[in-house]
Amino acid sequence: MDINTMLGYVGCACAIGIPALGSSIGCGIAGAASHGVMAKVEEGHGKFIGMSAAPSSQTIYGVVLMFVLLGKINAAAGLALLGIGLFCGIGICISAIYQGKVAATGILASSKKPEVFGKCFAAVGIVESFALFAMVFGLIIATSIG
């Protein structure tokens, strides 16, 4: 196997590994907030758990990107695949971490005022949109590779 092909495989690993790292951090942040709130309030636990799981979707975006990049591996595309996997992976990762932080504050806010839960979840969705942008643009760039 030549170095360019290996770089392509490294790009695929970055496309899934880096977003999974961000998802675990984001879910950890939001999950810790959820546990703290559930110890103090008696209802709404399911909503808190659901909001704390939101950053896990970024790993799915990484999986989609990885499978597309896998199909593009050849000796001429290695460095391009590494760049796509690395930079899109970082973008998706950062989105997951910040989504976890926004979910944590949303959990805290909705524990005091349950009527703001939907508005808080909207903010969680807005942060997620940046992961979608990174994935979609990564897919568009990958399709231009011959």
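**Entry 1: S34**

I started at S34, which is buried, because its relative accessible area is 1% and the cut-off for buried is under 20%. The model I am reading is a predicted one. I placed S34 in helix α1. I then listed its contacts, leaving out residues up to four places away in sequence, and found F48, I49, S52 and I107.

**Entry 2: the whole chain**

I stepped back to the protein as a whole and counted five helices and zero strands. Read from the N terminus, the order of elements is α-α-α-α-α. I took the box along the principal axes, and the C-alpha atoms fill roughly 60 × 20 × 15 Å.

I looked up burial next: of the 146 residues in the protein, 45% are buried. For the surface I noted about 7,200 Å² exposed, with carbon and sulfur atoms supplying 75% of that area. I also checked how far apart in sequence the contacts reach. Among contacts between residues at least 6 apart, 85% join residues at least 24 apart.

**Entry 3: helix α3**

I checked the length of α3 against its residue count. Its 14 residues should span 20 Å at 1.5 Å a residue, and the end C-alpha atoms are 20 Å apart, so the two agree.

Which residues of α3 are buried? I noted S57, Q58, Y61, G62, L65, M66 and L69. What covers the buried residues of α3 includes α1 (3-38), α4 (78-112) and α5.

**Entry 4: T59**

I stayed in α3, residues 57-70, and picked T59. Is T59 buried or partly exposed? I put T59 down as partly exposed, because its relative accessibility is 22% and buried would need under 20%. Apart from residues up to four places away in sequence, T59 touches I16, P19, A20 and S23. I also took one distance from T59: its C-alpha atom is 27 Å from that of S111, which is 52 residues away along the chain.

**Entry 5: nonpolar cores**

I looked for nonpolar cores and found that the largest has 19 residues. Those with the most contacts inside this core are L65, L69, L81, I84 and I92. The elements that give two or more residues to this core are α1, α3, α4 and α5. Which element gives the most? I found that α5 does, with five residues.

I followed L81 further and listed its contacts, again without residues up to four places away in sequence. L81 touches G8, G11, L69, K72, I73 and I145. Of these, L69 is also among the residues with the most contacts in the largest core.

I then noted a second, separate core of 12 residues, which includes A103, I107, V116 and V124. I107 had come up in my first entry, as a contact of S34.

**Entry 6: nonpolar surface**

For background I wrote down that nonpolar side chains in soluble globular proteins tend to be buried together. I then looked for nonpolar residues on the surface. I126, F130, L132, F133, V136, F137 and I140 form a nonpolar patch there, with about 680 Å² of accessible area together.

I took F133 from this patch for a closer look and located it in helix α5, residues 117-143. I entered F133 as partly exposed because its relative accessible area is 43%, and the cut-off for exposed is over 50%.

Note on methods
Residues numbered from 1 in each chain as written. Predicted model: local features only at pLDDT ≥ 70, side-chain atom pairs only at ≥ 80, totals over all residues. Heavy atoms only, no water. Helix = DSSP H or I, 4+ residues; strand = E, 2+ residues; numbered from the N terminus. Buried < 20%, exposed > 50% of the residue type's maximum accessible area, 1.4 Å probe, protein only. Contact = heavy atoms within 4.5 Å. Patch = residues over 30% accessible without salt bridge, like charges linked within 9 Å, V, L, I, M, F, W, Y side chains within 5 Å. Areas by Shrake-Rupley, 256 points an atom, 1.4 Å probe, with all protein chains shown as cover. Salt bridge = Lys/Arg side-chain N within 4 Å of Asp/Glu carboxyl O. Expected span 1.5 Å × (residues − 1). Core = buried A, V, L, I, M, F, W, Y, C linked by side-chain atoms within 4.5 Å.
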